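Q: Got a minute to walk through this model with me? I'd like to poke at a few residues and then get the general layout.

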Amino acid sequence: GVHRTFTLTWASADATGDHVYDVQIRRPGDAWTSWRKGVTFRTDSFDPAGTGRFRFRARMRDVSLGRASRWSDAVSIRVG
């Protein structure tokens, strides 16, 4: 099959100060799970192991206050 790597971008800028990003993935047939947690970068590459619909959502979290935004709307990619 064709091997693809996707570039995912969940924010317009890197996080600064006490702010971090959490990114979750929902693989085909699975529940939401952590993919990138507590990161300051705004983009990363994703290499799907398998086919189907992969969904992603993100939020910003303030580590000093222990508070987070709501999860973003999910964005999906279809592989295969």
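**Phe-54 and the core**

Q: Let's jump straight in. Which residues does Phe-54 touch, skipping those up to four places away in sequence?
A: Going by this predicted model, Phe-54 touches Ile-25, Arg-26, Arg-27, Pro-28, Phe-46, Pro-48, Val-75, Ser-76, Ile-77 and Val-79, with residues up to four places away left out.

Q: And which residues touch the most other members in the largest nonpolar core?
A: That core has 16 residues, and Trp-10, Trp-35, Phe-46, Phe-54 and Phe-56 touch the most other members.

Q: Which strands each supply at least two residues of this core?
A: Those are E1 (6-9), E2 (19-26), E3 (33-39), E5 (52-62) and E7 (75-79).

Q: Switching to the polar side chains. Where is Asp-22 found, and is Asp-22 buried or exposed?
A: Asp-22 is in strand E2. It counts as buried because its relative accessible area is 3%, and the cut-off for buried is under 20%.

Q: OK, what does the side chain of Asp-22 make a polar contact with?
A: One partner is the side chain of Arg-61, at 2.7 Å. The side chain of Arg-59 also pairs with that of Asp-22, through a polar contact of 2.9 Å.

Q: What else does Asp-22 touch, not counting residues up to four places away in sequence?
A: Besides those two arginines, Asp-22 touches Arg-36, Lys-37, Gly-38, Arg-57, Ala-58 and Trp-71.

Q: Now Gln-24. Where is Gln-24 found, and is Gln-24 buried or exposed?
A: Strand E2 holds Gln-24. With 15% relative accessibility, Gln-24 counts as buried.

Q: Which side chain is joined to that of Gln-24 by a polar contact of 2.8 Å?
A: That's Arg-57, side chain to side chain.

Q: What is Gln-24 in contact with, leaving aside neighbours within four places in sequence?
A: The list runs Trp-32, Thr-33, Ser-34, Trp-35, Arg-55, Phe-56, Arg-57 and Trp-71. As for Phe-56, it sits 32 residues from Gln-24 along the chain, and their C-alpha atoms are separated by 5.6 Å.

Q: Let's do loops. Where does Asp-18 lie, and how does Asp-18 count at 38% relative accessibility?
A: Asp-18 is in the loop between E1 and E2. At 38%, Asp-18 counts as partly exposed, since that class covers values between the 20% and 50% cut-offs.

Q: What does Asp-18 touch, not counting residues up to four places away in sequence?
A: Arg-61, Asp-62, Val-63 and Ser-64. With Ser-64 there's a polar contact of 3.0 Å between the two side chains.

Q: How many residues apart in sequence are Asp-18 and Ala-58?
A: They're 40 residues apart in sequence, and 17 Å apart in space, C-alpha to C-alpha.

Q: And Ala-31: where is its place, and is Ala-31 buried or exposed?
A: Ala-31 is in the loop between E2 and E3. It counts as exposed, because its relative accessibility is 52% and the cut-off is over 50%.

Q: What does Ala-31 touch, again not counting residues up to four places away in sequence?
A: Ile-25 and Arg-26. If you're also looking at Gly-52, it lies 21 residues from Ala-31 along the chain, and the two C-alpha atoms are separated by 14 Å.

Q: Zooming out, how many helices and strands are there in the chain?
A: Zero helices and seven strands, so the order from the N terminus is β-β-β-β-β-β-β, given how strands are assigned.

Q: What box do the C-alpha atoms fill, and what share of the residues count as buried?
A: The box is roughly 45 × 20 × 15 Å along the principal axes. Of the 80 residues, 29% count as buried.

Q: What does the accessible surface come to?
A: About 5400 Å², with 45% of that belonging to carbon and sulfur atoms.

Q: Last one: how many positive and negative side chains does the chain have?
A: There are 14 positive and 8 negative side chains, and the centres of the two sets lie 8 Å apart.

Terms used. Residues numbered from 1 in each chain as written. Predicted model: local features only at pLDDT ≥ 70, side-chain atom pairs only at ≥ 80, totals over all residues. Heavy atoms only, no water. Helix = DSSP H or I, 4+ residues; strand = E, 2+ residues; numbered from the N terminus. Buried < 20%, exposed > 50% of the residue type's maximum accessible area, 1.4 Å probe, protein only. Areas by Shrake-Rupley, 256 points an atom, 1.4 Å probe, with all protein chains shown as cover. Lys, Arg positive; Asp, Glu negative; His and termini not counted. Charge placed at Lys NZ, Arg CZ, Asp CG, Glu CD. Core = buried A, V, L, I, M, F, W, Y, C linked by side-chain atoms within 4.5 Å. Contact = heavy atoms within 4.5 Å. Polar contact = N/O pair within 3.5 Å; in protein donor to acceptor, adjacent residues only side chain to side chain.
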